[in-house]
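Hello,

Here is the structure I promised to pass on. My notes follow below it.

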Amino acid sequence: MKTKFKKLQDKIHPKNGNRCQYCGDIFDTKYLHIDHIIPRSLGGSDKLDNLTTACCKCNVLKYQFPLMEFYKRIVKKYDNAKNDCEYYLKIINNLKDKINE
């Protein structure tokens, strides 16, 4: 019997092509998390339209921030980064489109 979480994974990961919706990289499903676009702590729901696929690294970086705040934090990290510049730039470029939707 599948758990509620496994059922969500089965719907969300294929819909997103097993791609992290923040950095854009493709992962095996065992390395992907389900992220709340609007965090539950800020009133976000568990409905499918508020759930997306995130890799572990991006999910940890996003924490409980709404998308625009996460974007601003990544831009700041990129501006101050000595390492991981390419990674932060990938997130910035992927989020620009999502924020403008």
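Which residues does Gln21 touch, not counting those up to four places away in sequence? They are Asn16, Thr52, Thr53, Asn94 and Lys98. Please keep in mind that this is a predicted model.

More on Gln21. The residue lies in the loop between helix H1 (4-15) and strand S1. Gln21 counts as buried because its relative accessibility is 15%, and the cut-off for buried is under 20%. Its side chain reaches the backbone oxygen of Arg19 at 3.0 Å.

Next, the strands. S1 covers residues 32-36 and is mostly covered, with 4 of its 5 residues buried. S1 runs antiparallel to strand S2 (residues 51-55), and 5 bridges join the two. Asp35 has Thr52 as its bridge partner in S2. Thr52 also appears among the residues that Gln21 touches.

Then the aromatics. The structure holds 3 aromatic pairs. One of them is formed by Tyr87 and Tyr88. Their ring centres are 5.7 Å apart, and the planes meet at 55°. Why is this pair called tilted? Because planes under 30 degrees apart count as stacked and those over 60 as edge-to-face, the rest being tilted; here the angle is 55°.

Both tyrosines are buried: Tyr87 has a relative accessible area of 10%, and Tyr88 has 12%. Tyr87 has a charged partner too. The charged end of Lys57 sits over the ring of Tyr87, 4.1 Å from its centre.

Best wishes

Note on methods. Residues are numbered from 1 along each chain as its sequence is written. This is a predicted model: local features need pLDDT of at least 70, side-chain atom pairs count only at pLDDT 80 or more; totals for chains, interfaces and linings use all residues. Side-chain values use heavy atoms; hydrogens and water are left out. Buried means under 20% relative accessible area, exposed over 50%, partly exposed in between (1.4 Å probe, protein chains only). Two strands pair if DSSP finds at least two bridges between them. Rings of Phe, Tyr and Trp (its six-membered ring) pair if their centres lie within 6.5 Å; planes under 30 degrees apart count as stacked, over 60 as edge-to-face and the rest as tilted. A charge sits over a ring if NZ of Lys or CZ of Arg is within 6 Å of the ring centre and within 35 degrees of the ring normal. A polar contact is a pair of N or O atoms within 3.5 Å; within protein, one must be able to donate a hydrogen and the other to accept it, and residues adjacent in sequence count only if both atoms are side-chain atoms. Contact means heavy atoms within 4.5 Å.
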